[in-house]
Amino acid sequence: MRPLFAALILALASSPALSADADTAAPHPFSIRDLVMMDRVSDPQLSPDGRYALFTVRSTDYAANKGTTSIYMMDLNKPPQPVKVVDKGSSPRWAPDGQSIYYSAPKDGVAQVWYRTFDADNGKGLSLTVRAGDAVTDAQLDVGSFKLSPDGSKLLLSYEVFTDCPDLACTKERLDGREKDKSTGTVYDKLFVRHWDTWADGRRNQLYIADAAGPSQPLLLSRGIDGDVPSKPFGGEDEFTFSPDGKTVYFDARIAGTTEPWSTNFDIYSVPTDGSAAPTNLTADNLAWDANPLVSPDGKTLFYTAMKEPGSEADRFGIWALDLASGQKREVDPSWDRSAGALQASPDGKTLYTTTDDNGQHPLFAMDVATGKATMLVTDGAVGGFALSAKKILLTRDDLKRPADLYTADLRGKGLKQVSHFNAKRIKGAQTGDFEFYTFKGANGDTVQGYVVKPVGYKKGKTYPVAFIIHGGPQGAMTNSWSYRWNAQTYAGQGFAVVTVNFHGSTGYGQKFTDAISGDWGGKPLEDLKLGWSAALSKYNFLDGDRACALGASYGGYMVYWIAGVWNQPWKCLVDHDGVFDARAMYYDTEELWFEEKENGGTQFDHPENYERFNPINHVKDWRVPMLVIHGGKDFRIPETQGMGAFTALQRRGIPSKLLHFPDENHWVLKPQNSVQWHETVNAWLKEWTAPTAGAK
């Protein structure tokens, strides 16, 4: 799956007119004005006894143009209102005693790990007398991510450092020296020169260990690893872990060298926590991606996920078990045709838990370690984070009509119960559209799935304009989930019906289906989109096929440019965000070359014909549909020249068009006020070209 090359993420946003009082507004159609005020619940953590929940809530500070994350706690035995215990903090983690927590928060502008104790209950419910926090790290560098040892005595810490520096202070001194230097040039001798939205400055994420009791000099554990631990740009604590006895650390890493931009060869390493030996590669035999290390509770088995195809980031992640005594490996789930996410183990080590896409949902699964049998525990929506105790699961869950909240269930998924209601009043006031999944015969006669969302205020017998949304990835899917990316309800609230199709290449329908898009970007996926559109029009008579616009970002943006030349008949307008306009230039301008080479069967210089086969730029002469082009200036995944080229083509051909350019955004739109502008610009474009008189001007 390709989360970094996926559909546009529209972060939480607000508007000057919005406030916390918006949740008491009279009933009204759902809009971006509602979406941006939603509290985002995530990162659930269970106390060792299963009684208390720790989690984070992200709200929007519109005036400051950013999101603010706070830490909350609640008593699951007698739930009162959740209690905010840290105003600005993240990554809360329980200490083994269950009476103290560790978390990340700034101190003098630098992210540090903090420690707090609390007194709960006292006969008065969750009184939570939380004591003043103490910072247990004090380096002048930001802590990236951390993990507490099983006995609570040690902390694994990641810092971004110059690897030739002997200590953390050296990195800080070198950075300060660069700031004073008036010259601005940088000499590079290898890729990545830039990655995602950041230019390389020579630093790498490295893994350290320190005392959890208080500030101490961290000890480098990833000694000699020419790579990032955790990986950039989005790696985290799932990439490293302790053994149960705390004597060994396991982490995954990709050795960089000169091949990093075209390699997906992550391996899993072990290293003693006292740093007495260099890291040892445990999966050198697999040249594909090994990830997510997890040691069984008895310390005998290392579980991890692994792909089998080198150079692919969308191969299936199988679950593997490594006997730490003998070194023997086996695949736990060879017959399960799904790609596992990060793993957690039951207390007895006999069951593994993971989430993955599955037929339009994103359920929680339990995997029997002995037999490889996968059992779906929680479905009908999307399970996000989850945590386990001896008898209980705490998880976040959302769907197409509801944002994430906390739920509990037993270890078999029984007794699912919602225990938080952060956006209840807002959801009650904001009317959303009903949805339905449908299937049809797509390319090669395969069954393909999509869904349709009715507009808010739907009335039988009326027809409505349509937003036809094309997902990104391309190895992704439009699932039954709440999104701050492409949220169908923002269009339904504007009076549009929504249609989307999980074409060949989508996840959750088996690995063969996912693989089918590689080398065929404009082939089977386009056929699926055509057949899915036709099937939706036949099945749902409220869709006005003469007033429809197609929208997409990333791969979805590529497809918008592609259909502009080869399937433009149905559309009144098009919206393209950060799409690929010229496949040939894209190969040389992007950063993660493994993706381009996998999708096109090799390099552009060895196989130029593959890059031209479905290249949108070759069909500009057939463009005719009005198009809104959107691109971010800090998008290094699909650089802004792709959007500029498309806008130039539109203007030169005299096609009605607009360009919305964000100089301060990457492949996503993250700043709240930019997000509002994005939605308002897109909505205005759709309404302009789907109005009954649009074609008459």
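What share of the 697 residues in the chain is buried? Colleagues, the structure before you is a predicted model, and in this model buried residues make up 59% of the chain.

Let me begin with the overall form. The secondary structure of the chain amounts to 12 helices and 41 strands. Along its principal axes, the C-alpha trace spans about 75 × 65 × 60 Å. For a chain of 697 residues, a compact globule would have a radius of gyration near 26 Å, and the chain, at 25 Å, agrees with that expectation. As for contacts between residues at least 6 apart in sequence, 60% of them join residues that are at least 24 apart.

I turn next to the disulfides. How many does a search of the whole structure find? The search finds two. If the bonded cysteines are numbered in sequence order, they pair as 1-2, 3-4.

One disulfide connects C165 with C170, at an S to S distance of 2.0 Å. The torsion about its S-S bond is -60°, and the link is left-handed. Both C165 and C170 are buried.

The other disulfide is formed by C549 and C573, whose sulfur atoms also lie 2.0 Å apart. Here the torsion about the S-S bond is about 115°, so this disulfide is right-handed. C549 belongs to strand 38, residues 543-553, and C573 to strand 39, residues 573-577; the pair therefore ties together parts that are 24 residues apart in sequence. C549 and C573 are likewise buried.

My last topic is the second largest pocket. This pocket holds about 1000 Å³ of space. Its lining consists of 35 residues, and the closest to the pocket centre are W199, A200, D201, G202 and R203.

Which strands supply at least two residues each to this lining? They are strand 13, residues 194-195, strand 14, residues 198-199, and strand 15, residues 203-211. Strand 15 provides the largest share, with three residues. By residue class, the lining of the second largest pocket contains 15 charged, 11 polar and nine nonpolar residues.

To close, I would ask you to retain three points. The radius of gyration of the chain, 25 Å, agrees with that of a compact globule of 697 residues. The whole structure contains two disulfides. Finally, W199, A200, D201, G202 and R203 are the lining residues closest to the centre of the second largest pocket. Thank you for your attention.

Technical notes: Residues numbered from 1 in each chain as written. Predicted model: local features only at pLDDT ≥ 70, side-chain atom pairs only at ≥ 80, totals over all residues. Heavy atoms only, no water. 1 Å grid on protein atoms, 1.4 Å probe; cavity = no way out; pocket = protein on both sides within 12 Å on 5 of 7 lines; lining within 4 Å. Points joined across faces, edges and corners; volume = space filled by probe spheres on them. Helix = DSSP H or I, 4+ residues; strand = E, 2+ residues; numbered from the N terminus. Nonpolar A, V, L, I, M, F, W, Y, C, P; charged D, E, K, R; others polar. Disulfide = S-S within 2.5 Å. Buried < 20%, exposed > 50% of the residue type's maximum accessible area, 1.4 Å probe, protein only. Rg over C-alpha atoms; globule rule 2.2 N^0.38 Å. Contact = heavy atoms within 4.5 Å.
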